[in-house]
Amino acid sequence: MPERDGRILEKVLAGPLGDIAEKILQGERLTREEGIRLAESPDLMAIGFMADYARRCRAGDIVYFINNAHINHTNICKNLCRFCAFGRKADAPGAFVLALDEIAAKVDEFKHYQPTEVHIVGGLNPALPFSYYEEMLRIVRRALPDAHIQAFDAVEIDFLGEISGLGVEGVLGRLREVGLGSLPGGGAEIINPAVRREICPQKISGERWLEVHRIAHQMGLYTNATMLYGHLECPADRVDHLLRLRSLQDETGGFLAFIPLPFHSENTSFSHLPRSSGFDDLKTVALARLLLDNFLYIKSFWIMLTPNLAQISLNFGANDLDGTVREEKIAHDAGAATPQYQPSESFLRMIREVGRIPVERDTVYNVIRRYS
């Protein structure tokens with residue numbers, strides 16, 4: 001350990017979080033009570049130091065990014081969650097559905113930069129038949145046969161199971177036949193049912209979200225996991241959310257990455273709430289690294305954090321910056337002021353500036369190119 005890090009470690013061990021630091025050094029699992037102490041602690045530097053140490057031990061110095069593209073096929077949604085600025089009623093201004101020929105045209109544009117991943121999420125639109133979703137994946141597969149399709153979060157999969165009559169397993173089986181490769185992690189929000197009743201009363205429960213992911217894992221599909229923070233939840237809610245993810249990962253091993261998502265309140269029912277601070281964002285990334293000891297990849301989604309804060313988070317436990325994206329509507333409808341595209345060269349610069357090794361990956365973390 002470098003001399004400077006040794007001095008910092010001595011201070012952390014002598015401080016109020018020293019007993020937790022001892023467990024991190026020994027590679028021991030943290031408890032709920034210790035997680036809450038971390039979540040409530042103002043000592044960001046100590047927490048960040050521990051998270052960076054845990055990152056080095058578990059994941060090394062590689063930082064990942066991906067050449068990907070997003071499709072948001074409709075914003076019409078029956079749930080209309082109170083925290084969401086994206087969803088619309090069918091007759092509301094700004095409501096849209098991409099016709100299949102529009103999706104085909106969009107995917108044809110993708111051919112110019114050959115994304116490794118196509119990421120698809122949208123609203124729960126009762127007017128769209130299940131065949132629409134199957135054909136959408138066929139279109140992507142025909143145009144980009146080598147791209148991995150990560151599509152439809154657990155809420156969407158549950159909805160498709162209902163409208164098709166196939167159930168979750170049937171839907172996942174059918175979608176996999178036409179190109180589905182994995183599920184994104186959206187829709188988790190906060191698992192605490194009391195908080196969900198306030199922010200997304202029409203959405204499936206946190207328990208159901210976990211169950212959909214369990215089924216996907218049992219079928220051999222990898223998924224991601226998220227947590228939306230910075231609204232009505234308390235520190236204990238965040239810790240409990242992370243521990244439920246940790247428990248399911250112990251059971252199935254099917255999660256790839258965890259992505260903490262800071263709440264953006266503009267154009268929502270909670271527009272009076274302030275944006276989470278950079279302090280809180282970095283501590284949440286670090287908390288995830290320390291509690292999710294069975295997740296190798298902690299992703300900082302630059303679209304919602306900003307590129308600068310995502311880069312700083314690489315010193316707080318993160319080891320993935322997501323990807324090029326190219327178009328994103330959900331966070332931007334809620335006030336995200338970030339660009340919608342980052343070229344690969346930006347990721348190389350961001351990663352090298354913090355002394356890490358840039359690696360371009362595919363969706364399931366196979367290495368495409370390792371940079372010096």
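A disulfide is here a pair of cysteine sulfur atoms within 2.5 Å. A disulfide is a covalent bond between the sulfur atoms of two cysteines. A search of the whole structure finds zero disulfides.

This is a predicted model, in which local features need pLDDT of at least 70 and side-chain atom pairs count only at pLDDT 80 or more, while totals for chains, interfaces and linings use all residues. Residues are numbered from 1 along each chain as its sequence is written, and side-chain values use heavy atoms, with hydrogens and water left out.

**Cysteines**

C81 takes part in no disulfide, and the nearest cysteine sulfur, that of C200, lies 4.9 Å away. C84 is likewise in no disulfide; for C84 the nearest cysteine sulfur is that of C81, at 6.3 Å. Accessibility is described in three classes: buried means under 20% relative accessible area, exposed means over 50%, and partly exposed lies in between (1.4 Å probe, protein chains only). C81 has 10% relative accessibility and therefore counts as buried. C84 is partly exposed, with a relative accessible area of 27%.

**The open sheet**

Helices (H or I, at least four residues) and strands (E, at least two) are DSSP runs, numbered from the N terminus. Two strands pair if DSSP finds at least two bridges between them. Strands of a sheet pair through backbone hydrogen bonds, either parallel or antiparallel.

Four strands form an open sheet in the order β9-β1-β10-β11, and the pairing is mixed. The edges are held by β9 (320-323) and β11 (367-370); each has a single partner strand, so one side of each is left without a neighbour in the sheet. From one strand to the next, the twist averages 25°; angles run from 0 to 180 degrees between N-to-C directions, and axes are lines fitted to C-alpha atoms, for helices over the stretch in contact.

Strand β1 (residues 62-66) runs parallel to β9, and two bridges join them. In β9, D320 is the bridge partner of Y64, and G323 stands opposite I66. β1 also pairs with β10 in the parallel sense, over four bridges. There, I62 has I357 of β10 as its bridge partner.

In a regular strand the side chains alternate between the two faces of the sheet. Both faces of β1 are covered, since I62, Y64 and I66 on one side and V63 and F65 on the other are all buried. Thus five of the five residues of β1 are buried.

Contact means heavy atoms within 4.5 Å. Helix α16 (residues 344-353) packs on the sheet and touches β1, β9 and β10 (357-361), with a direction that makes about 165° with that of β1.

On the edge strand β11 lies R369, which is partly exposed, with a relative accessible area of 48%. Not counting residues up to four places away in sequence, R369 touches P358, V359 and E360. R369 and P358 are eleven residues apart along the chain, and their C-alpha atoms are separated by 8.6 Å.

**Helices**

Two packed helices are described by the angle between their axes and the distance between the axes. For helix α2 (residues 18-26) and helix α4 (residues 44-59), the axes come within 10 Å and cross at roughly 10°. This makes α2 roughly parallel to α4; angles under 35 degrees count as roughly parallel, over 145 as roughly antiparallel, 65 to 115 as roughly perpendicular and the rest as oblique. I20, A21, I24 and L25 of α2 meet M50, Y53 and A54 of α4. The residues of this contact divide into seven nonpolar, no polar and no charged. Ala, Val, Leu, Ile, Met, Phe, Trp, Tyr, Cys and Pro count as nonpolar, Asp, Glu, Lys and Arg as charged, and the others, Gly among them, as polar.

Helix α7 (residues 154-164) is mostly covered, with eight of its eleven residues buried. These are A154, V155, E156, I157, D158, F159, L160 and G161. Their cover includes α6 (130-143), α8 (167-177), β5 (180-183) and α10 (206-218).

**Loop residues with positive phi**

Most residues other than glycine have a negative phi, and most peptide bonds are trans. Two exceptions in phi are listed below.

| Residue | Phi | Loop |
|---|---|---|
| Q114 | about 45° | between α5 (100-110) and β3 (117-120) |
| N267 | near 65° | between β7 (255-262) and α12 (278-291) |

N267 is exposed, with a relative accessible area of 54%.
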